[in-house]
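Here is a quick walk through the empty spaces, the packed cores and one covered strand of a single model. Have the coordinates open and follow along.

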Amino acid sequence: MLLRRTATLLAALFVLFVLTAPSDLEKFTFEAFLRVPLEGLVGVLVLVLVPDRFRKPLAIAGGAALGVFTVVKIMDIGFDMVLYRPFDLVLDWPLLAPALDFVDVTFGRFASVLAVVATLALVVGIVLLAAVSVLRLSSAAAGRRPAAIRAVALVAVACVSLAVPGIPVYSDAAATSLVDHARRVQVGLQDQETFAAEASVDAYRGHPGLLSSLQGKDVVFTFVESYGKSALELPDVSAKLADGNSRLKAAGYSARSAFLTSPTAGGGSWMAQATLLSGLWIDNQQRYRNLVASDRLTLPRAFREASWRSVGVVPGITQAWPEGDFFHYNEIYAAQDLGYNGPRFGYATTPDQFTLESFQRNERSKQHGPVMAAIPMVSSHAPWSPTPDSVDWDKLGDGSIYRTMPASDDPPESIFGRDPAAVRADYGHSISYSLESVISYVERYGDENLVFVFLGDHQPAQMVTGEGASRDVPITIVAKDPAVLSRVEGWKWDDGIRPGGSAPVSKMSDFRDQFLSTFSPPRP
């Protein structure tokens with residue numbers, strides 16, 4: 001008898017927890033669970049009123065559904081912590097593969113296999129536990145039908161009677177979550193048609209004289225991983241930007257900066273990069289797949305068609321990358337093509353400084369026409385520890401020098417379960433390193449014919465930004481030739497490499513057309 005009562009109590013607590021738990025970890029408070037789940041009251045009534053022959057299969061099916069709902073809620077919490085939004089049942093399944101790849105690359109194959117096994121075991125365990133719990137509660141309630149019905153009625157009346165504005169007594173969180181997911185499913189199913197309509201407009205396709213105002217210039221677009229607006233408030237980053245601004249001015253450079261709103265946050269760098277280069281809003285993997293299967297004019301293609309040598313320097317690519325053909329690069333330098341013979345630092349295959357040096361050796365130092373490059377750097381990718389030190393450019397060699405750094409042998413640390421203050425400090429240090437790589441590259445290798453654009457791809461995880469952060473990222477254009485900066489005066493961007501709080505903000509997808517219109521003849 002005691003064992004059955006204990007089992008019933010534990011089953012009730014489990015169901016209560018699942019139905020009342022928020023989908024946002026920040027809202028996990030003691031008060032959040034002191035509510036009566038209306039869905040639970042309805043479920044009890046249904047299970048005690050149906051005929052006995054239907055009760056057991058209905059309880060098992062309902063419990064299994066509750067288990068699936070629990071798994072989705074866990075996914076919601078995880079996505080909210082990293083990507084600032086709930087899990088999308090239609091569009092987000094393809095993101096699980098990059099997540100697994102991140103574990104594989106950062107922590108090793110054993111960790112990735114263990115993660116898959118643990119995830120499958122967790123999903124099956126939760127579904128089974130939920131089914132058993134609901135079945136146990138239905139048996140207990142059906143054995144005392146009159147008492148169960150009266151208890152439900154009394155609790156419902158109490159919820160209504162005790163309701164006070166601002167002090168919730170009951171919860172409909174589960175029903176609200178289901179409705180929200182249903183709406184997102186509907187939007188997701190319609191998104192392919194919506195995207196096709198957006199992609200049908202390609203204003204600069206076939207436009208004569210594209211980029212004629214930049215003839216003879218080397219144009220570099222560098223994406224600084226996880227460089228979000230929140231980074232500007234960190235001491236390391238703020239000091240580095242102030243120092244870098246002074247150094248670039250002393251070297252004869254001018255800069256303008258603003259903010260772009262990224263289509264993603266916490267991850268999904270490839271979607272942000274595709275957004276900037278294509279001029280289309282790429283905020284899910286379905287849109288990305290449709291984009292790379294299209295014939296859209298991208299910035300790399302526009303430069304190539306205007307007689308630039310167009311290259312992609314992508315140290316984060318360690319496997320076959322068929323999507324690279326879409327960008328129409330003359331040459332793609334993946335991780336294995338950079339000549340790096342040093343250790344990994346966390347997720348990063350190649351330190352940012354070495355990536356830029358490799359680009360210089362392989363492209364800008366060669367005797368050919370102007371080059372355009374897109375370079376997504378990876379040193380400031382989570383988990384942000386360890387981070388390499390800056391090295392004298394003359395000593396970079398093949399990267400063996402990085403083996404002498406103590407941190408090169410340190411295993412990467414997960415950002416979860418650590419002190420958020422320590423994670424933010426590591427993040428700030430990694431962004432500072434990446435910015436130093438950019439600034440010192442321009443100092444060393446810049447000239448009158450270099451136009452250097454660097455920007456963030458997305459904000460870091462909420463552990464760094466805190467709840468409610470925007471999706472804005474800094475963007476900066478640096479040049480020595482006054483004619484280049486005079487053309488961007490109409491953008492109204494802030495002076496220097498750090499945008500101020502009132503700097504202009506535009507969608508990242510608007511940048512392609514803004515850039516093409518500024519440096520090309522007017523459209524007919």
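Which residues line the second largest cavity? Before the answer, one thing to keep in mind: this is a predicted model. The residues around that cavity are Leu83, Arg85, Pro263, Thr264, Ala265, Met271, Asp283 and Arg471. By class, that makes four nonpolar, one polar and three charged residues. The space they enclose comes to about 30 Å³.

**Cavities**

The count of cavities of 30 Å³ or more is two. The largest cavity holds about 40 Å³, and its wall is built from Phe345, Gly346, Tyr347, Ala348, Ser379, His381, Pro383, Trp384, Ser385, Pro386 and Thr387. That lining has six nonpolar and five polar residues, with no charged ones. Here are the two volumes in one place:

| Cavity | Volume |
|---|---|
| Largest cavity | about 40 Å³ |
| Second largest cavity | about 30 Å³ |

**A pocket**

Now for an open space. The second largest pocket has a volume of about 1000 Å³. Its lining takes in 34 residues, and those closest to the centre are Val15, Gly40, Leu41, Gly43 and Val44. Several elements give two or more residues to this lining: α1 (2–20), β1 (36–37), α2 (38–49), α3 (52–83), α5 (109–142), α6 (145–162) and α7 (173–199). Helix α2 provides the largest share, seven residues. Sorted by class, the pocket lining has 25 nonpolar, six polar and three charged residues.

**Nonpolar cores**

Next, the packed parts. In soluble globular proteins, nonpolar side chains tend to be buried together. In this model the largest nonpolar core has 53 residues, and the ones with the most contacts inside it are Leu211, Leu214, Phe221, Leu276, Phe303, Phe511 and Phe515. Helix α9 (residues 269–278) gives the most to this core, five residues. Pick Leu211 and look around: leaving out residues up to four places away in sequence, this leucine touches Ala302, Phe303, Trp308, Phe515, Leu516, Phe519 and Ser520. Another core, of 50 residues, lies apart from the largest one, and its members include Val220, Met405, Leu435 and Ile439.

**Strand β9 and its partners**

Is strand β9 (residues 472–479) mostly covered or mostly open? Mostly covered: eight of its eight residues are buried. Asp472, Pro474, Thr476 and Val478 point one way, while Val473, Ile475, Ile477 and Ala479 point the other way, and all of them are buried.

Two strands pair with β9. Strand β4 (residues 254–261) runs antiparallel to β9 and is joined to it by eight bridges; in this pairing, Thr261 stands opposite Asp472. Strand β8 (residues 450–456) is also antiparallel to β9, with five bridges between them, and here Val451 sits opposite Ala479.

**Threonine 465**

One last residue to click on is Thr465, placed in helix α14 (residues 462–465). Why does Thr465 count as buried? Its relative accessible area is 18%, and the cut-off for buried is under 20%, so Thr465 falls on the buried side. Setting aside neighbours within four places in sequence, Thr465 is in contact with Tyr84, Ser230, Gln459 and Pro460.

Technical notes:
Residues are numbered from 1 along each chain as its sequence is written. This is a predicted model: local features need pLDDT of at least 70, side-chain atom pairs count only at pLDDT 80 or more; totals for chains, interfaces and linings use all residues. Side-chain values use heavy atoms; hydrogens and water are left out. Buried means under 20% relative accessible area, exposed over 50%, partly exposed in between (1.4 Å probe, protein chains only). Helices (H or I, at least four residues) and strands (E, at least two) are DSSP runs, numbered from the N terminus. Two strands pair if DSSP finds at least two bridges between them. Contact means heavy atoms within 4.5 Å. On a 1 Å grid over the protein atoms alone, a cavity is a set of points where a 1.4 Å probe fits but cannot get out, and a pocket is an open set with protein on both sides within 12 Å along at least five of seven lines; lining residues have an atom within 4 Å of a point. Grid points are joined across faces, edges and corners, and a volume is the space filled by probe spheres set on the points. Ala, Val, Leu, Ile, Met, Phe, Trp, Tyr, Cys and Pro count as nonpolar, Asp, Glu, Lys and Arg as charged, and the others, Gly among them, as polar. A nonpolar core is a set of buried Ala, Val, Leu, Ile, Met, Phe, Trp, Tyr and Cys residues joined through side-chain atoms within 4.5 Å.
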